[in-house]
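Trainee: Please take me through one part of this structure in detail: the surroundings of the ligand.

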Amino acid sequence: MAGAGAMGRGIAQIAAQAGSTVRIYDTQPEAVQRAIQELGAQWDRLQEKGRMDAAAVQAAKGRLHAAATLQDLADCDLVVEAIVERLDVKKAFFAELEGIVGPEAVLATNTSSLSVTAIATALKRPQRFAGYHFFNPVALMKVVEVIAGFKTDPAVCEGLTAYAKQMGHTPVQAQDTPGFIVNHAGRGYNTEALRIAGEGVADFATIDRILRDQVGFKLGPFELMDLTGLDVSHPVMESVYRQYYDEPRYRPSVITAQRLAGNVLGRKTGEGFYRYADGKAQVPAEPAAPKVDDIPPVWVSTRAARRAELYQLLKDLGAKVETGQSPSPQALTLVAPLGFDVTTVAVVERLDPARTVGIDMLIEDSATKRRVLATNPATRADMHDAAHALFARDGKPVSVIRDSAGFVTQRVVATIVNIASDMCQQRICTPKDLETAVTLGLGYPLGPLAMGDRWGPTNVLEVLFNMQTVYGDPRYRPSPWLRRRGAIGLSLLQEES
Ligand SMILES: NC(=O)c1ccc[n+]([C@@H]2O[C@H](COP(=O)([O-])OP(=O)(O)OC[C@H]3O[C@@H](n4cnc5c(N)ncnc54)[C@H](O)[C@@H]3O)[C@@H](O)[C@H]2O)c1
């Protein structure tokens, strides 16, 4: 193991637990001593908790050795490098290492953002070299990306794959492309949420609530960025965007660039998208649902998404539902567009914008813990309040956002599904490995392709087509892979890469 930092320590831990003799090398000998001490303490804790028995702890400790010089790695079969993330330093390291290890030794890098192929140019035998990308904290994040460089021998990847399983990790295969799988697939969530916030559609806390409660993400995008820190997440956004030659789908946001410049990084600086007091986020309270005594009758657009379900929901909430061809002069007019804004729908369907309110029905109501309504600039306050009060009648939380094509959930889900589809199009990995890597590496409630299937590939396509029309932004251009599979399902053809 080369590098005794956060990652090197974690990789050494799982390798020793899997039965391998591990030598740890670092240019700072005290880092090696610290790593060995901390791993010893970690194993003692695991024993106290009953997760490892005394014999296993003794054995693991006995397998861990400090390497005082690089020469001490001479008899290793595998060297995993987790040193500083700099191409020049990594190349110099591997050039020196190759002169020390045996001819059959496998060499691997844990780089998250550099090209495996570029690092391999330092080697006389690049066939023996691959990427082996673990996640932090290594012992808990049970996925590892195995990345073949341009000249990597497939047998090297097979060996690393088998060894990952021996360490109890799930290996996935990735092409040597910017961000590999996890850091590439993860581009949609934060960047689209930042765009929504940047357009003033809703505040950070509201966007977080919507994505947690409607889609089931464990953390909202702003909570997540506060946890990771913008010093880490903004450069990743920039790096993947730039490495893909300014592909609009990955475009970062000035919001995070400015906050990074101002050192407003998140939890680690006590202030990010939220303020922190004693480690706890200060979350602004949600506005309560207004009290409305007399709710007007409700008319639902004939083109509403999930119209039958919306009808039933309104009846369950005790609304008087109009069934005429057009709304009566008193009616609250409900629209449920996919990818269009409420204003556009009101104009196209010749509805009175003052009485028109939108609801996001991409995900069925029974599968969500929150309802999201959008008003348009002309919506009257009494209609806004009536809609809010009506949809909150059964106690389910309601967020009312400003008019935006695609609300919040539609935009974020469609962007995630589209980026994942494009990764399949580019054959960066198999659809199956993509789903595995994202659920284990990012903790999403479903893999992106399963997400698309669950809420309807044609619905996702409709969101993207309409958003592209409204924004005229190539960022929403559907990937050809998604367009082709829109009608037949995204995970149906998982065996095909
Ligand atoms: N931290 C993460 O979340 C994460 C996740 C995945 C991959 N990575 C990658 O793993 C690598 C290490 O990251 P980290 O977070 O453990 O860093 P870290 O700063 O915690 O540790 C790096 C260690 O490498 C040592 N080092 C620097 N140059 C060296 C050299 N030439 N030879 C030997 N040792 C050297 C340093 O003394 C330090 O102890 C980087 O390539 C990083 O991109 C990090």
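Mentor: The following account goes from the shell of residues to individual atom pairs and then to the covered surface. The model is predicted, so local features need pLDDT of at least 70 and side-chain atom pairs count only at pLDDT 80 or more, whereas totals for chains, interfaces and linings use all residues. Residues are numbered from 1 along each chain as its sequence is written, and side-chain values use heavy atoms, with hydrogens and water left out.

The shell around the ligand contains 21 residues, each with a heavy atom within 4 Å of the ligand. Met7, Asp26, Glu85, Lys90 and Ser112 come nearest. By class, the shell has nine nonpolar, nine polar and three charged residues (Ala, Val, Leu, Ile, Met, Phe, Trp, Tyr, Cys and Pro count as nonpolar, Asp, Glu, Lys and Arg as charged, and the others, Gly among them, as polar). Two helices, α1 (6–17) and α4 (87–98), each supply at least two residues of this shell; helices are DSSP runs of H or I with at least four residues, numbered from the N terminus.

Several polar contacts, pairs of N or O atoms within 3.5 Å, can be followed individually. In the side chain of Glu85, an N or O atom is 2.5 Å from an oxygen atom of the ligand. For Met7, a polar backbone atom lies 2.9 Å from a ligand oxygen atom. The side chain of Gln28 has an N or O atom 3.5 Å from an oxygen atom of the ligand. As for the surface, the ligand taken alone exposes 840 Å², an accessible area from the Shrake-Rupley method with a 1.4 Å probe. The protein buries 73% of that area.

How values were computed. A polar contact is a pair of N or O atoms within 3.5 Å; within protein, one must be able to donate a hydrogen and the other to accept it, and residues adjacent in sequence count only if both atoms are side-chain atoms.
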